[in-house]
Amino acid sequence: AAAGRPMIVDIHTHVYTPAYVELLRRRAEVPRVVRSADGEERVILLKEEVSGDGSNSKGRPVGPQYWDSRAKLSFMDAHGIDVSVVSLANPWLDFLGPTEAVETARKLNDELEAYCASAHASNDNQTDDTSFSPLTQARLFAFGSLPLVPGVEPAAVLEAVEQIQQSPHLRGVIMGTKGLGKGLDDPEMEPVYRALSSAGLIVFVHPHYGVENAFGEQDNGHVLALGLGFPLETTIGIARLILAGVLDRHPDLKLLLAHSAGALPALSSRLASCITHDPHVKDRLQTDFRFYLGQMWYDALAYGPEELALVERVISRAGNYECRDEELPFIQRVNGRADLLAPVAVYPGVERLLFGTDHPFFPPLEGDSSARWPSVDENLDAIAGVPGWGKQERDRVLGQNAVELFGLEAK
Ligand code: 5CU
């Protein structure tokens, strides 16, 4: 980072690598890339983008910003972003059969490693100190991809985990909410969670499918699918994962949740109460549902300071629910451990929030797309405006947390 300003790390920023785009160009069904009569390429991702003549029926323009590391770097430079941890955008490999998914994951992970290795700090920023490895100068790191599709051999998934672990610029994996086809609470995901946990890889959980868009017929563009469907999908997927005891069995699993985990923080106390009032579920978890929210990490893509504050306060509060001691008086059991209820000087939840942009999605609709993007500035303003946060908290969320979580210091 330039002297006097905090380091900025973007942990939610996507790519479609050249091999992936080629794959989408060859397809006749969604997801696919099509070329329109005016020569523009468009990516069609969502099922509602295929049918009818609604505003979504043509998908979204796709270009070098999705696959060229120079375009990613110029976006980063325009926004003062020092380092990005890129991930393949949805829907990853979900639509492939097992053999193709395994081969494609291997190829994509090699491609992503090369994409990151091609982009190091410019000579101006480089230090002469030879104790720094080339990785110290790296501006791009990545989440790898796993062949998580129905019918894949568990050993093939574990090999992909191993490949990612061995790749210097790959620091985690991106994962949808389908698991191996049956969701994140599928017992068949156990070896995957075990392997990811012991590899210490960060697992970025990201939506694609949304939820049923019912209760009306008006064409609202992509607003409901992206504004509600995406975050609600993550909310449900992670609630299921917690309810299946995954975080009890794998307390070291490092989950990073897209879009600040959607509605999960706002609904966590309601979920906790539903659990304690359900005879089928009440004894399933080792502790209160709210505790697990302090065991995960969250991108800071909440778009508003009050929403970001809510997420941070809910994570900060999670430690209050460490034990569910039936001996405690009801009021203490429900409201948290009395000895931990004293107000905290710093907000521990701040250590689990990380800046993201969602680039190259949400570009400006008009004007010069090489200038600053309002979608990025909304999130920077949100971080700057959280009540109670000072420079220390903001710097953590902007970059320091990512440096620590992803080990972005010299290796
Ligand atoms: O705008 C969109 O469709 C998307 C998308 O598909 N994936 C994503 O991460 N953000 C926005």
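**Exercise 1. Helix against helix**

At what angle do the axes of helix 1 (residues 18-25) and helix 3 (residues 98-117) cross, and within what distance do they come? Then classify the packing and list who makes the contact.

*Solution.* Bear in mind throughout that we're working with a predicted model.

- Step 1: Two numbers do the job, since a packed helix pair is described by the angle between the axes and the distance between them.
- Step 2: For helix 1 and helix 3, the axes cross at roughly 140° and come within 9 Å.
- Step 3: Angles over 145 degrees would count as roughly antiparallel, so with its crossing angle helix 1 is oblique to helix 3.
- Step 4: Helix 1 brings P18, A19, Y20 and L23 to the contact, while helix 3 brings T104, K107, L108 and E111.
- Step 5: Sort those residues by class and you get five nonpolar, one polar and two charged.

**Exercise 2. Tracing the parallel sheet**

Take stock of the chain, then work out the strand order of the eight-stranded sheet and walk across part of it.

*Solution.*

- Step 1: The protein chain has 12 helices and 11 strands.
- Step 2: Eight strands make an open sheet with parallel pairing, and their order is 1-5-6-7-8-9-10-11.
- Step 3: Look for strands that pair on one side only: these edges are strand 1 (9-15) and strand 11 (353-354).
- Step 4: Now go inside. Strand 5 (residues 83-88) runs parallel to strand 6 (residues 140-145), and three bridges join them. One partner pair to click on is V85 with F141 of strand 6.
- Step 5: Strand 6 also pairs in parallel with strand 7 (residues 170-175), this time over four bridges. Here G144 sits opposite V173 of strand 7.
- Step 6: How many of the residues of strand 6 are buried? Six of its six are. Split by face, L140, A142 and G144 lie on one side and F141, F143 and S145 on the other, so you can see that both faces are covered.

**Exercise 3. The antiparallel sheet**

Assemble the three-stranded sheet from its pairings, and find the odd backbone angle in its hairpin.

*Solution.*

- Step 1: Strand 2 (residues 32-35) pairs with strand 3 (residues 41-44) in the antiparallel sense over four bridges; V34 stands opposite R42 there.
- Step 2: Strand 3 pairs with strand 4 over two bridges, again antiparallel. V43 has R60 of strand 4 as its bridge partner.
- Step 3: Put these together and the open sheet has the order 2-3-4, with strand 2 and strand 4 (60-61) at the edges.
- Step 4: The hairpin of strand 2 and strand 3 has five residues between the strands, and G39 takes a positive phi near 90° in it.

**Exercise 4. Backbone oddities**

Hunt down the cis peptide bonds and the non-glycine residues with positive phi, then say whether the latter are buried or exposed.

*Solution.*

- Step 1: Know the baseline: most residues other than glycine have a negative phi, and most peptide bonds are trans.
- Step 2: The bond from N90 to P91 is cis, with omega near 5°; P91 is in the loop between strand 5 and helix 3.
- Step 3: The bond from H359 to P360 is cis too, with omega near 0°. P360 belongs to the loop between strand 11 and helix 11 (374-385).
- Step 4: F215 has a positive phi of about 70° and lies in the loop between strand 8 (202-205) and helix 6 (223-243). F215 counts as exposed because it has 6 C-beta neighbours inside 10 Å.
- Step 5: A261 also has a positive phi of about 70°, in the loop between strand 9 (254-257) and helix 8 (264-276). A261 is buried because 28 other C-beta atoms lie within 10 Å.

**Exercise 5. Around the ligand**

Which residues surround the ligand, and how do they divide by class?

*Solution.*

- Step 1: Select the shell: H14, L45, A89, N90, H222, L226, D358 and F361.
- Step 2: Group it by class, and you have four nonpolar, three polar and one charged.
- Step 3: Link back to Exercise 4: N90 is in this shell, and N90 is also where the cis bond to P91 starts.

Terms used:
Residues are numbered from 1 along each chain as its sequence is written. This is a predicted model: local features need pLDDT of at least 70, side-chain atom pairs count only at pLDDT 80 or more; totals for chains, interfaces and linings use all residues. Two strands pair if DSSP finds at least two bridges between them. Axes are lines fitted to C-alpha atoms, for helices over the stretch in contact, and angles run from 0 to 180 degrees between N-to-C directions. Angles under 35 degrees count as roughly parallel, over 145 as roughly antiparallel, 65 to 115 as roughly perpendicular and the rest as oblique. Two residues are in contact if their C-beta atoms, placed from the backbone, lie within 7 Å. Ala, Val, Leu, Ile, Met, Phe, Trp, Tyr, Cys and Pro count as nonpolar, Asp, Glu, Lys and Arg as charged, and the others, Gly among them, as polar. A residue is near a molecule or strand if its C-beta atom, placed from the backbone, lies within 6 Å of it. A residue is buried if 20 or more other C-beta atoms lie within 10 Å of its own, exposed if 12 or fewer, and partly exposed in between; C-beta atoms are placed from the backbone.
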